[in-house]
Amino acid sequence: MNTQIIAIANQKGGVGKTTTCANLGIGLAQAGKKVLLIDGDPQGSLTISLGNPQPDKLPFTLSDAMGKILMDQPIRPGEGILHHAEGVDLMPADIQLSGMEVSLVNAMSRETILRQYLDTLKGQYSHILIDCQPSLGMLTVNALAAANRIIIPVQAEYLPAKGLEQLLSTVNKVKRQINPKLQIDGILLTMVDNRTNFAKEIAALLRDTYGSKIRIFGTEIPHSVRAKEISAEGKSIFAHDPGGKVAEGYRNLTDFYPEIQTQDEQAAWELGGKGYLAIQFCEDGWDYTLYHSDYSVMDGGQLDAPELTIQEAREQILEAHHMEKGRRLLQDYDAVMDKVAEAEELSADHRPSTLEKLAALASDTPAPKSSARSAPEL
Ligand SMILES: Nc1ncnc2c1ncn2[C@@H]1O[C@H](COP(=O)(O)OP(=O)(O)OP(=O)(O)O)[C@@H](O)[C@H]1O
Ligand SMILES: [Mg+2]
């Protein structure tokens with residue numbers, strides 16, 4: 001099984017990381033995915049919110065698992081993994097994890113201990129979600145080193161710019177030095193209060209500042225006291241308040257989430273009125289075509305660099321063609337392809353028909369030589 005490992009990270013506290021991890025995880029499990037949640041926070045909020053009010057009474061937690069990896073000791077299959085009634089598995093955490101973080105400082109390959117632990121579990125799950133603690137310390141670095149995707153929840157009640165810069169630079173560092181596969185799925189606006197315009201302003205600001213590089217999820221999570229109640233209940237929002245707007249928000253996120261992967265493999269952009277760029281992942285890298293604004297082909301080719309993300313591929317292609325990056329207007333890939341097909345059909349009307357082309361071809365081709373060899377002259 002190809003496992004997606006998703007870190008839910010933001011060093012700012014109280015932005016909805018744990019709530020997103022639990023509810024996206026349970027949402028994916030309800031959609032038939034095999035999901036493991038990792039509590040990566042010594043506070044154990046995820047562990048508590050999934051019905052384990054006293055994490056330090058649990059016999060085995062993430063710090064034990066990481067300790068075993070550090071000591072090169074074997075971990076039994078499924079050791080310490082808890083099963084939640086709503087269909088997800090959980091590797092819990094307790095306060096000992098903060099001691100583990102301290103001991104990591106002097107450990108060999110200290111950034112990849114969590115990755116090594118997850119390597120032992122990978123094939124068994126379609127999705128592993130890691131709830132990060134609110135810091136950019138060694139535990140978060142371990143989560144980023146283990147993940148291939150990141151979701152950044154941002155509370156729509158404060159100006160996030162500065163904190164985000166720090167987070168993005170940590171992500172880039174981890175990507176460069178430890179984990180080139182890492183990519184940001186997007187920023188998720190949480191606790192949105194629709195009675196004010198504040199959330200709209202923040203969303204607009206985020207789009208202006210980061211929209212060309214990072215997806216801002218179209219789905220937002222509304223603010224509701226019902227969301228606050230769930231951690232005491234040990235249930236997801238789907239079980240606690242299925243008809244509520246927070247459940248609807250997380251349901252939308254869950255529905256949209258598997259699509260993201262496809263969007264990361266094929267996308268099209270409108271290039272500031274000059275035309276379009278369509279990119280698609282293929283085995284050896286990125287196939288791309290540049291179109292004029294009437295959807296006729298301008299240029300195309302392949303970028304033999306499968307390790308690039310679609311955003312990086314796009315930047316390189318535009319640079320190579322001396323095209324301005326401009327403002328990103330992400331369009332539906334299929335919609336652009338439909339237009340291209342339409343334009344091709346239109347111009348085909350003015351082209352010679354296939355029969356005419358064949359006739360022309362036949363008259364151009366020299367008559368085939370007789371296959372019989374002429375008799376040698378005696
Ligand atoms: N949509 C929401 N509406 C209202 N309250 C919410 C919502 N989502 C989360 N909360 C509440 O906000 C608080 C912080 O949420 P949560 O614990 O998910 O954030 P966090 O980023 O994990 O925090 P920390 O940084 O401490 O780990 C919690 O009390 C939670 O119940
Ligand atoms: Mg949390």
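Here is a short selection-by-selection tour of the model.

This is a predicted model, where local features need pLDDT of at least 70 and side-chain atom pairs count only at pLDDT 80 or more, while totals for chains, interfaces and linings use all residues. Residues are numbered from 1 along each chain as its sequence is written, and chains are lettered from A and ligands numbered from 1 in the order in which they are written.

Start by colouring the protein chain by pLDDT (the predictor's confidence in each residue, from 0 to 100). The mean is 87, and 88% of residues reach 70 or more. Now pick 367-378: pLDDT is below 50 there, and the stretch makes 0 contacts beyond near neighbours in sequence (a contact is two C-beta atoms, placed from the backbone, within 7 Å). Where pLDDT is low, don't read the predicted coordinates in detail.

Next, select ligand 1 and its 19 surrounding residues (C-beta atom, placed from the backbone, within 6 Å). K17, T18, T19, P134 and A227 come nearest. Helix 1 (17-30) and helix 9 (225-233) each supply at least two residues of this shell; helices are DSSP runs of H or I, at least four residues, and strands are E runs of at least two, numbered from the N terminus.

Then jump to M191, in the loop between strand 7 (183-190) and helix 8 (198-210). Its phi is positive, about 55 degrees, though M191 is not a glycine. M191 counts as buried because it has 22 C-beta neighbours inside 10 Å (the cut-off is 20 or more other C-beta atoms, placed from the backbone, within 10 Å).

Last stop: Y295, in the loop between strand 10 (285-291) and strand 11 (297-303). Y295 has a positive phi of about 70 degrees.

Conventions: A residue is buried if 20 or more other C-beta atoms lie within 10 Å of its own, exposed if 12 or fewer, and partly exposed in between; C-beta atoms are placed from the backbone.
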